[in-house]
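Hi,

Here is the structure I said I would pass on. Have a look at it first, and my notes on the cysteines and cavities follow below.

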Amino acid sequence: MMTITKDGQPVYDITLADSFHALSDFLGVYDPSGQKKYGIVSDSKVASFYLDAIFSIVSEHTKNVIKFVFHEGEENKKLETVEQLYTTLIENRFNRNDCLIALGGGVTGDLTGFAAATFLRGIDFIQVPTSLLAAVDSSIGGKTGVDFSAYKNMVGAFHMPKFVLINTACMETLDKRQFVSGMGEVVKSALIKDKAFFEWLLDNREAVDKRDKDALSYMITASDLVKKNVVETDPYETKGERALLNFGHTLGHALEKYMDFSFMHGECVLIGSLFATELSCRKGLLSREDADRVIQYIQTFPLPEIPKDADVEKIVSYTRNDKKAAADGVRFILLSEIGNAVISRDVTEEDMCNVFHDYLK
């Protein structure tokens, strides 16, 4: 178990287990009288695997539990879906003492968290991530949001969950592409803050690829520890530290939008991390040797192929509208060494175009 704190005070626990049973333990303490209403939010695919199990556990603690299932896909992470959830909550007379449970990947967690942050000015929610990407990134830290007019996570709020339960058995049901997408955030965590973890990833490729239980537990815990340390230092991204978590995301988000979300988020983060690593070297921050080690490792993953005729200038132009852009330009996250990320305002659009064109060649 890991505890996230704010100003030295505990805020919520992250529990790593091989089942959902810990949810029952949490609810017994959180709501001993069983008076709260619970809304389980899930997408159609995840619901077919796990919704019945979670519904059964929650039903042991209260008779007041409902389901809200939306169609899977990033294209449904939008205000319209949130509005449908609001309507369901109102019709079932949810109040500020009630709680939502996000059961699914990053889309579900972000959408549910945003709904919880804004419904009646804020109600509780619980994160039960079922994807590797959500387990190591989006379920932790309290960032919530939805996409707006094809701009990713443009509308959002900071809202901390009450509890995060990561069931490692869920990773066994992920298809190869979903798993690789999750590895995008794993690799990012190692590169920005934990060189020893990066070396572990290099040494344990086979165990990770086979989804060995011990390897998965270690990898998820190490990734979550990186995020815990960053968000505790900078919970609302006001000090600069939390911006480091955006390594690989500036061009990654731009590519994700250009491809109309046909590429998965973590796949774009991996490609964006390639670009950021190469730019770190070209800017004289990272040695060629270390840059090549990172690039060669990332290239071992089966990444989607960017069309050779992609409009690179258009992709790069999307970085101007990214939510990470500042008044004086894009804050680009680079590496000064493996395990140490820095914020740079020295990366130009020309630099981004050059590294993109070289990749396509």
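Let me start with C170: this cysteine is buried, with a relative accessible area of 0%. Keep in mind as you read that this is a predicted model.

C99 is in a similar spot on paper, since its relative accessibility is 0% and it counts as buried too. So what about disulfides, and how many does the count give? The count comes to 0. C99 is in no disulfide, and the nearest cysteine sulfur to it, that of C170, is 18 Å away. Looking from the other end, C170 is in no disulfide either, with the sulfur of C99 as its nearest cysteine sulfur, 18 Å away. A pair would need its sulfur atoms within 2.5 Å to count as a disulfide, so C99 and C170 do not make one.

Now the cavities. The count comes to 2 of 30 Å³ or more, and my notes here are on the second largest, which has a volume of about 40 Å³.

Which residues line it? The lining of the second largest cavity is made up of I4, T5, K6, Y12, G141, M160, V231 and P235. Strand 1 (residues 2-6) gives the largest share of that lining, with 3 residues. By residue class, the lining of this second largest cavity splits into 5 nonpolar, 2 polar and 1 charged.

If you open the model, I4, T5 and K6 are among the lining residues to look up, and then you could go on to the two buried cysteines, C99 and C170.

Cheers

Note on methods:
Residues numbered from 1 in each chain as written. Predicted model: local features only at pLDDT ≥ 70, side-chain atom pairs only at ≥ 80, totals over all residues. Heavy atoms only, no water. 1 Å grid on protein atoms, 1.4 Å probe; cavity = no way out; pocket = protein on both sides within 12 Å on 5 of 7 lines; lining within 4 Å. Points joined across faces, edges and corners; volume = space filled by probe spheres on them. Helix = DSSP H or I, 4+ residues; strand = E, 2+ residues; numbered from the N terminus. Nonpolar A, V, L, I, M, F, W, Y, C, P; charged D, E, K, R; others polar. Buried < 20%, exposed > 50% of the residue type's maximum accessible area, 1.4 Å probe, protein only.
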